[in-house]
Amino acid sequence: MALSDRTLRVVVYEGPGAIPVDGAARYAAVSALLERGFGVTRAGSGRPVAPADASPVLVLGRWDGAVPEPTGDPADGIRTRWAALDPATAADEAERARAELGAPVPGAWKPWFPVIDYDRCTNCMQCLSFCLFGVYGVDSARRIQVQNNDQCKTQCPACSRVCPEAAIMFPKYKSGPINGDVVSDSDLGREKMKIDISALLGGDVYSMLRTRSERAQSRFSKERDSDKALAERQKCLTKLAALAGDIPAEVLMSLPSPEEISRKAAEAAARARAALAPETTAPGT
Amino acid sequence: MSPEGTTGGPAIVYCHCKYAQVLPAATKEAVLRRLCDAGLPFEAVPDLCEASARRDPALKRLASAGPIKIAACYPRAVKWLFAAADAPLDPATTEIVNLRVLGAEPAAATLLSTALEANLPAGKVTASDAPGAAAATNPAES
């Protein structure tokens, strides 16, 4: 399943042809659906809701008569199932409909990824240079953007630490300004101080890692015991994690091999340089 | 599911922030309960971050449907989550109800009120307003 696949949308319907439910039953149904990862539209009059689209839909209602038959032709992109609204079984009905309609499984991916605040971003490409996981890229106008958010490492806010403008948010982060809270002058000073610390380590945490790996490389190459090599790397990474702040050790452990890191860092730096290079005009134009 | 009854007040979007514990559970529960008791139409998303990452087309339709109130987290984060989904919010007609900082009662009252106090951070609306390469320095060369 791709991140772009359309998720199941559940509509709680209480209009003509259905018997309205009370607030408690509505809450029980909606809450159960949300807890299982299904989006819910409570349709009705008085406030607008998102219009129908090509997403697969399950309509739940306390129908006056028989439950309506499935509607829509998969060829036209509209796929709808209907079922009785029972708070106790609403989430199970949704799961059944999801499977029948081929919609993605909710929660298969934890949505942890950077969100760029373009009010603050100066397009300096520090984040692109820093990230080894290919999360960042540039658009056709060579503006930095998040291109592969599902490649981001859960709980790792490292790129926000290197942003000189505190322009990178992780909305699920515990504290501000990384969580999206207002950026104060003192926050900005603190962010800059962290960069200074990382500079002391050799430019950034990855250069530090590279330096360490170069020192250790000859030893690793002679070492046939892979467990010992792994333990040594883990020790280095754990120390690095402590120095870098709140980057989880398991994230650093999921980094590529030191040689791969070196290659990817060079690639990322080259992409950043290319994005920042002056526009060239083709000959004859 | 057509945009019906648009004269009754702004659209309501509720984020359950399912995949993290950053919104207080008691606040989420109380606000959702009040929302359900009110009998108003609303959109409830399990996780706004996930919807943004998926570029959920519902976000685009909601963002362009007129006045909107969004119960989620910090306005700065919500603004750019919508923008990242190609669904930029109109700063003049959007109010964010921050469940990370507001108590349940004021959050629910604000969300259900027909009055709207726009509170998106001022500044650029979409990424296309961001500075281009010419304005930046090259850290790789410094």
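In this predicted model, A:Glu14, A:Arg26 and A:Arg42 are joined through a network of salt bridges. Within that network, the side chains of A:Arg26 and A:Glu14 meet with an N to O distance of 2.8 Å. The pair links distant parts of the chain, since A:Arg26 belongs to helix α1 (residues 23-35) of chain A while A:Glu14 sits in the loop between β1 (9-12) and α1 of chain A, 12 residues apart. A:Arg26 is buried, having a relative accessible area of 6%, and A:Glu14 is buried as well, with a value of 10%.

Over all chains, the count of salt bridges comes to 16. Side chains of opposite charge can pair when their charged atoms come close. Three of these pairs are set out below.

| Salt bridge | N and O distance | Location |
|---|---|---|
| A:Arg26 with A:Glu14 | 2.8 Å | helix α1 of chain A; loop between β1 and α1 of chain A |
| B:Asp47 with A:Lys172 | 2.8 Å | loop between β2 and α2 of chain B; loop between β8 and α5 of chain A |
| B:Glu105 with B:Arg34 | 3.0 Å | helix α5 of chain B; helix α1 of chain B |

The salt bridge of B:Asp47 and A:Lys172 crosses between chains, running from the loop between β2 and α2 (48-53) of chain B to the loop between β8 (168-169) and α5 (185-200) of chain A. Both B:Asp47 and A:Lys172 are buried. The pair formed by B:Glu105 and B:Arg34 stays within chain B, and because B:Glu105 lies in helix α5 and B:Arg34 in helix α1, it ties together parts that are 71 residues apart in sequence. B:Arg34 counts as partly exposed, at 31% relative accessibility.

The two helices of chain B that carry this last pair also pack on a sheet. That sheet is open and has eight strands, in the order β4(A)-β3(A)-β1(A)-β2(A)-β2(B)-β1(B)-β3(B)-β4(B), with mixed pairing. Its edge strands, each of which pairs on one side only, are β4 (80-84) of chain A and β4 (94-98) of chain B, and the twist from one strand to the next averages 20°. Within chain B, strand β3 (residues 68-72) and β4(B) pair in the parallel sense over five bridges, and B:Ile70 has B:Ile96 in β4(B) as its bridge partner. Helix α1 (residues 25-38) of chain B packs on the sheet by touching β1 (11-15) and β2 (42-45) of chain B, and its direction makes about 150° with that of β1(B). Helix α5 (residues 104-112) of chain B touches β1, β3 and β4 of chain B, its direction making about 160° with that of β4(B).

Chain A contains nine helices and eight strands, and 48% of its 285 residues are buried. Of the contacts in chain A between residues at least 6 apart in sequence, 64% join residues at least 24 apart. The accessible surface of chain A comes to about 13,200 Å², with 54% of that area belonging to carbon and sulfur atoms.

The structure holds zero disulfides over all chains. The sulfur of A:Cys159 has its closest cysteine sulfur in A:Cys152, 6.0 Å away, which is too far for a bond, because a disulfide requires sulfur atoms within 2.5 Å. For A:Cys163 the closest cysteine sulfur is that of A:Cys124, at 6.0 Å, again too far for a bond. A:Cys159 is buried at 8% relative accessible area, and A:Cys163 is buried at 9%.

Terms used
Residues are numbered from 1 along each chain as its sequence is written. Chains are lettered from A and ligands numbered from 1 in the order in which they are written. This is a predicted model: local features need pLDDT of at least 70, side-chain atom pairs count only at pLDDT 80 or more; totals for chains, interfaces and linings use all residues. Side-chain values use heavy atoms; hydrogens and water are left out. Two strands pair if DSSP finds at least two bridges between them. Helices (H or I, at least four residues) and strands (E, at least two) are DSSP runs, numbered from the N terminus. Axes are lines fitted to C-alpha atoms, for helices over the stretch in contact, and angles run from 0 to 180 degrees between N-to-C directions. Contact means heavy atoms within 4.5 Å. Buried means under 20% relative accessible area, exposed over 50%, partly exposed in between (1.4 Å probe, protein chains only). Accessible areas come from the Shrake-Rupley method with a 1.4 Å probe; for residues, only the protein chains shown count as cover. A salt bridge is a side-chain nitrogen of Lys or Arg within 4 Å of a carboxyl oxygen of Asp or Glu.
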